[in-house]
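Welcome! Take a moment to look over the model below, and then we will walk through it together, one topic at a time.

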Amino acid sequence: MGVVIERKKGQSVRLMIGQDMSEEALLELIRSGITITVTDIGRHGTRARIGIDAPLSVIILRSELLQRERQEP
């Protein structure tokens, strides 16, 4: 499995395509897809662990980090 991220209710994950990905690789990614698996749910149902299998050219980022990056000068 590529990356495992823990998320709470209402939090999200952003998948973006890196600029280094060729058109052929992008088409293959679209055809084959990206696998996202919920690997575990917390004891009280407040958190989920999500596993994401994707090529290295796919950027996987917690959405709050993307928002913080946009706010910085």
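## Salt bridges

Searching the whole structure, which is a predicted model, turns up three salt bridges. One of them brings together the side chains of E6 and R47, with 2.7 Å from N to O. This pair ties together distant parts of the chain, since E6 belongs to strand β1 and R47 to strand β4, 41 residues apart. Both ends have some access to the outside: E6 is partly exposed at 40% relative accessibility, and R47 is partly exposed at 37%.

Another salt bridge joins the side chains of R7 and E64, at 3.0 Å from N to O. Here too the partners come from distant parts of the chain, with R7 in strand β1 and E64 in helix α2 (residues 63-71), 57 residues apart. Is R7 buried or exposed? R7 is buried, because its relative accessibility is 6% and the cut-off for buried is under 20%. Its partner E64, at 24%, counts as partly exposed.

E64 also meets the side chain of R62 in a salt bridge of 2.9 Å, N to O. R62 is partly exposed, with a relative accessible area of 33%. Through shared partners, R7, R62 and E64 are joined into one network.

## The sheet

Now for the strands. In general, the strands of a sheet pair through backbone hydrogen bonds, in either a parallel or an antiparallel way. In this model, three strands make an open sheet with the order β1-β4-β3, and their pairing is antiparallel. β1 (residues 3-8) and β3 are the edge strands with a single partner strand each, so each has one side without a neighbour in the sheet. From one strand to the next, the twist averages 30°.

β1 and β4 run antiparallel and are joined by six bridges. If you find V4, its bridge partner in β4 is G51. On the other pairing, β3 (residues 35-41) and β4 (residues 47-53) are antiparallel as well, again over six bridges. There, D40 sits opposite R49 of β4. Between β3 and β4 the hairpin has five residues, and in this hairpin G45 adopts a positive phi near 70°.

## Helix α1 and a nonpolar patch

How many of the 10 residues of helix α1 are buried? The number is one, so this helix (residues 23-32) lies largely in the open. Just beyond α1 comes G33, with a positive phi of about 80°.

At the surface, I17, L26, L27 and I30 make a nonpolar patch of about 350 Å². α1 gives the largest share of this patch, three residues. I17, another member of the patch, has its place in strand β2 (residues 13-17). I17 is partly exposed, with a relative accessible area of 41%.

## R14 and its contacts

Strand β2 also holds R14, which is partly exposed at 37% relative accessibility. Which residues does R14 touch, leaving aside neighbours within four places in sequence? R14 is in contact with I59, I60, L61, L66 and R70.

I59 is a good one to look up in the model. R14 and I59 are 45 residues apart in sequence, while their C-alpha atoms are 7.9 Å apart in space.

Terms used
Residues are numbered from 1 along each chain as its sequence is written. Side-chain values use heavy atoms; hydrogens and water are left out. Two strands pair if DSSP finds at least two bridges between them. Helices (H or I, at least four residues) and strands (E, at least two) are DSSP runs, numbered from the N terminus. Axes are lines fitted to C-alpha atoms, for helices over the stretch in contact, and angles run from 0 to 180 degrees between N-to-C directions. Buried means under 20% relative accessible area, exposed over 50%, partly exposed in between (1.4 Å probe, protein chains only). Patches are made of residues with over 30% relative accessible area and no salt bridge: like charges are joined within 9 Å, nonpolar side chains (Val, Leu, Ile, Met, Phe, Trp, Tyr) within 5 Å. Accessible areas come from the Shrake-Rupley method with a 1.4 Å probe; for residues, only the protein chains shown count as cover. A salt bridge is a side-chain nitrogen of Lys or Arg within 4 Å of a carboxyl oxygen of Asp or Glu. Contact means heavy atoms within 4.5 Å.
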